[in-house]
Amino acid sequence: MRSHEWWQHGIIYQIYPRSFADSNADGVGDLRGILGKLDYLSWLGTDAIWISPIYPSPMADFGYDVSNYTDIHPVFGTLDEMRELIAAAHARDIKVILDFVPNHTSSEHPWFKEARRSRNSEKRDYYLWHDPAPNGGPPNNWLSVFGGSAWEWDEETGQYYYHAFLKEQPDLNWRNPRVRQQMYAAMRFWLEQGVDGFRVDVLWHLIKDAEWRDNPPNPDYVPGQAPYNQLIPAYSTDQPEIYPIVKEMRSLMNEFDERVLIGEIYLPIRRLVSYYGTAGDGAHLPFNFQLITLPWNARQIAAAIGEYEGVLPPNAWPNWVLGNHDQPRVASRIGLPQARVAAVLLLTLRGTPTLYYGDEIGMRDSVIFPEAIRDPQGKNIGISRDPARTPMQWSSATNAGFSTAEPWLPLGHGYEHCNVEGQTQAKDSMLTLYRRLIELRRKEPALCIGSYRPLVSGGDVIAFVREADTGNRFLVALNLGPRPALLPLDTLGTGQVVLATESRRESERVSGRLVLTGDDAVVVRLD
Ligand code: GLC
């Protein structure tokens with residue numbers, strides 16, 4: 001595996017810091033909390049942690065509204081504690097990836113406060129200001145992801161400013177070279193602190209149409225979907241001028257050893273892969289969200305894997321994501337039995353896996369009563385992300401061992417039964433399945449860096465072969481449905497089950513054909 005970089009053979013674990021572990025009894029997770037759980041992460045087999053934003057922020061969007069890019073919010077700790085966390089993680093061979101939020105600042109950022117002072121402010125052009133349309137309304141029809149117009153009227157200076165998200169999150173003007181320099185300086189600051197990479201927030205949003213043309217209506221819009229989807233964001237996102245920017249970010253990363261540039265990008269596969277750049281000069285890993293966005297259906301998922309493998313540019317490294325802080329949890333979306341199948345898929349596909357905290361114990365979306373909703377998206381458009389952001393369930397103790405104080409979001413229902421402590425030793429727990437899958441993947445080059453070959457299957461089955469240079473081969477077969485299925489093995493020969501969602505199958509010999517019960521996934525070492 002020396003032939004590959006750590007971010008190719010490793011596993012990334014996303015921490016939502018408010019909800020991971022609270023060390024100082026204020027009900028909100030913090031850096032010391034994470035520090036105290038590094039041994040757990042290392043036991044699990046994590047190679048890197050990506051931490052959602054920990055910068056100073058008024059928390060209108062829980063940290064995705066940054067008011068200072070080069071410091072730590074006191075609720076999470078201090079810069080010294082961040083340095084301590086980086087050192088402690090590195091001592092365990094765990095890399096640290098920060099969330100970087102370049103598309104917008106907080107409206108409380110000193111730049112925006114200065115920019116809105118007057119039209120002549122020297123920071124005015126850091127943001128996107130526009131005169132009203134002739135009728136006095138917003139300059140165009142663009143919508144905010146969080147509901148309503150994306151334009152906010154500024155009474156003082158008589159212009160609108162653009163915000164793709166909350167009005168408390170004004171978009172930066174990435175056509176302004178000074179903005180670029182400032183943001184690159186902030187990235188450099190963290191790289192110099194020893195941070196191993198960035199997950200760049202909404203990378204495909206950074207540049208907007210120079211002529212501010214109206215977005216076209218979306219003919220496929222179905223009422224009940226987020227109102228933002230009423231328009232196709234053809235002019236407000238994914239503009240060609242984004243590529244030179246990604247390239248600049250990449251060359252900054254290249255000045256340092258072994259750093260990774262990850263982009264948060266929700267786009268169709270063919271558009272997504274363009275963010276790899278043309279000659280290895282783009283993002284290392286444009287996040288691939290297909291396992292989240294597609295219906296959990298074998299035919300569609302197999303086709304998507306095939307399409308992705310087919311359109312990856314030469315030398316581009318694939319990646320797969322199963323959950324994050326913006327999406328319903330996998331165990332709630334597809335049910336617990338299939339969440340086990342999904343774990344096998346995530347950890348046997350070719351490409352870097354990213355897993356979301358709590359999914360390794362099968363945490364489910366929690367019920368959050370309307371009066372307890374914290375997420376601004378939930379408050380504004382009724383699609384709350386809080387259910388997937390509840391405190392990590394460490395044990396059956398008070399507050400699930402997350403905090404000694406009342407947590408900032410209610411605990412998941414049933415944490416007494418679904419927690420790390422209870423699952424650590426249990427042979428058939430989700431946690432044991434994850435830990436063993438990760439262990440197998442780390443041990444077997446075929447599974448972590450080997451080639452991928454799909455097998456023809458049908459119905460609810462997905463099957464493929466992973467093969468190392470040495471000729472070591474594994475068959476992976478997954479049943480995405482509840483009914484039993486039979487997979488003919490044709491020329492594959494014989495083998496032995498080494499890992500399965502039902503552990504009693506392990507060490508079973510396989511020859512000629514493979515029987516899968518409902519909701520079954522197996523990894524077979526081929527002879
Ligand atoms: C990204 C983040 C999300 C945030 C939004 C605005 O999609 O993942 O949590 O609300 O950007 O920054």
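1. A polar contact is a pair of N or O atoms within 3.5 Å; within protein, one must be able to donate a hydrogen and the other to accept it, and residues adjacent in sequence count only if both atoms are side-chain atoms. In this predicted model, local features need pLDDT of at least 70, side-chain atom pairs count only at pLDDT 80 or more, and totals for chains, interfaces and linings use all residues. Residues are numbered from 1 along each chain as its sequence is written, and side-chain values use heavy atoms, with hydrogens and water left out.

2. Side-chain N or O atoms of three residues face ligand oxygen atoms: the distance is 2.5 Å for Asp61, 2.8 Å for Glu264 and 2.9 Å for Arg199. The protein buries 96% of the 310 Å² that the ligand exposes when taken alone (Shrake-Rupley method, 1.4 Å probe).

3. Around the ligand there are 14 residues, of which Asp61, Asp201, Glu264, His325 and Asp326 come nearest (a residue is near if one of its heavy atoms lies within 4 Å). The shell comprises 7 charged, 3 polar and 4 nonpolar residues; Asp, Glu, Lys and Arg count as charged, Ala, Val, Leu, Ile, Met, Phe, Trp, Tyr, Cys and Pro as nonpolar, and the others, Gly among them, as polar.

4. The protein chain has 527 residues and a radius of gyration of 23 Å, which agrees with the value near 24 Å for a compact globule (taken over C-alpha atoms; the rule is 2.2 Å times the number of residues to the power 0.38).
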